[in-house]
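Visitor: I would like a quick tour of this protein. Can we take it one question at a time?
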Amino acid sequence: MYLNHFGLTELPFGITPDTGFAYSVQHHQEALNTLLLALDAGEGFVKITGEVGTGKTLLCRRLLQTLDESWVSAYLPNPNLAPNTLFLALAEELGIDDAGGLDQYHLMRRINHLLLAHAQMKKRVLVCIDEAQAMPLETLEALRLLSNLETEKCKLLQIALFGQPELDEKLHRPEVRQLLQRIAFHYRLGGLKNSEIGNYLAHRLRVAGYRGEGLFTLAAIRALYRASGGTPRLINILAHKSLLSVFGEGRQLVKVRHIRMARRDTEGARRVGWFWG
C-alpha cells in the first residue's frame, strides 16, 4: 500500500464508517442538530433519510457517541425482521436475557417493565434503527405500537430511523400512515458541497497522519466533486484509487488525470468533463 510513500499511519479514505474521521460538513451537522433537538424534546420518532453513501451510519454512530450516562441506547443495524424477531433483537440489545420463547404480548410486557425501571432511575432510552427502509410494513406498524409505551409525562422509548429514500415512500403507504404522523422531526441528508471537499480531504489525511502539503490539486478537487456528486462514500473510493495511481507512478500529487482513471474504474461515478491540472 501507499502508507509509507505519503507518510501515513493508516488509510485515510476507507469506506467503513469511522467516527475518528468524522468531519462536520453542513448537511451532517444540521442532521445531528435535528436528532439532538428531537431527543431533547422527547419526541417518540425522528427520521433521517439519504441516498446510498451519504453517511447515515456514520451519523448514527456520532449520535450514539454524544449520549451521556443518562441514556440507555440500542442499535439495530438490520431491521429486515418479522415483528416478534425485531422485539427479540431489541430485548437483547437492552440486556433482557430471559426473552427467548416469549410470545409477542409477553415480550412487549417484558420490554415495558424494563423501560419503566429505566424511567424510575431517570434514564432515557433511545433505539437507533439503521437501514430502516428494509423493514416490512407489519414490522413498522409493530414499531408504532412499541412507541405507545409511555408514562403520563413522557415517552418510555425514543426511536431514530435512518434509511434510504425508499423509507419515505414506504411510510406514505396507507397501512403505516399512523406512524408517519408521529414523526415530528426529520431531515434529508445530502452530500458535500464543492466548497467543502478540499477541507474534507485535508481533514481525513491529517487524521491518517499526513503532515505534508496538499496532495490534491485544486483542479483535481473540482474533478473529484464532479465525479462523486459530493457523495462521501464515492469521494473516499475515488480518492483512495487516485492515491494508488499516484503511488504507482512514484509521484506525490493527485491531478485530474488520476481522478479520471479512478472514475473509469468506479461504478456510480460520473464523467468528469473538461478540467486542466
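What follows is a short exchange of questions and answers.

Visitor: How many helices and strands does the protein chain have?
Guide: First, a caution: this is a predicted model. Both kinds of element are present in the protein chain. The count is 12 helices and 5 strands.

Visitor: What does the C-alpha trace span along its principal axes?
Guide: Three spans describe the trace, one for each principal axis. They come to about 65 × 40 × 35 Å.

Visitor: What share of the residues is buried?
Guide: A residue is called buried when its relative accessible area is under 20%. The protein chain has 277 residues to sort in this way. The buried share is 48%.

Visitor: Among contacts between residues at least 6 apart in sequence, what percentage join residues at least 24 apart?
Guide: Contact here means heavy atoms within 4.5 Å. We start from pairs at least 6 apart in sequence, then keep those at least 24 apart. That share is 74%.

Visitor: How far apart are the centres of the positive and negative side chains?
Guide: The protein chain has 33 positive side chains and 28 negative ones. Each set has its own centre. The distance between the two centres is 9 Å.

Visitor: Which element gives the most to the lining of the largest pocket?
Guide: This pocket has a volume of about 420 Å³. Its lining has 27 residues, with P17, G53, T54, G55 and L58 nearest the centre. The elements that give two or more residues are α3 (56–66), α9 (194–207) and α11 (232–249). With 4 residues, the top contributor is α3.

Technical notes. Residues are numbered from 1 along each chain as its sequence is written. This is a predicted model: local features need pLDDT of at least 70, side-chain atom pairs count only at pLDDT 80 or more; totals for chains, interfaces and linings use all residues. Side-chain values use heavy atoms; hydrogens and water are left out. Buried means under 20% relative accessible area, exposed over 50%, partly exposed in between (1.4 Å probe, protein chains only). Lys and Arg count as positive and Asp and Glu as negative; His and the chain ends are not counted. The place of a charge is taken as NZ of Lys, CZ of Arg, CG of Asp or CD of Glu. On a 1 Å grid over the protein atoms alone, a cavity is a set of points where a 1.4 Å probe fits but cannot get out, and a pocket is an open set with protein on both sides within 12 Å along at least five of seven lines; lining residues have an atom within 4 Å of a point. Grid points are joined across faces, edges and corners, and a volume is the space filled by probe spheres set on the points.
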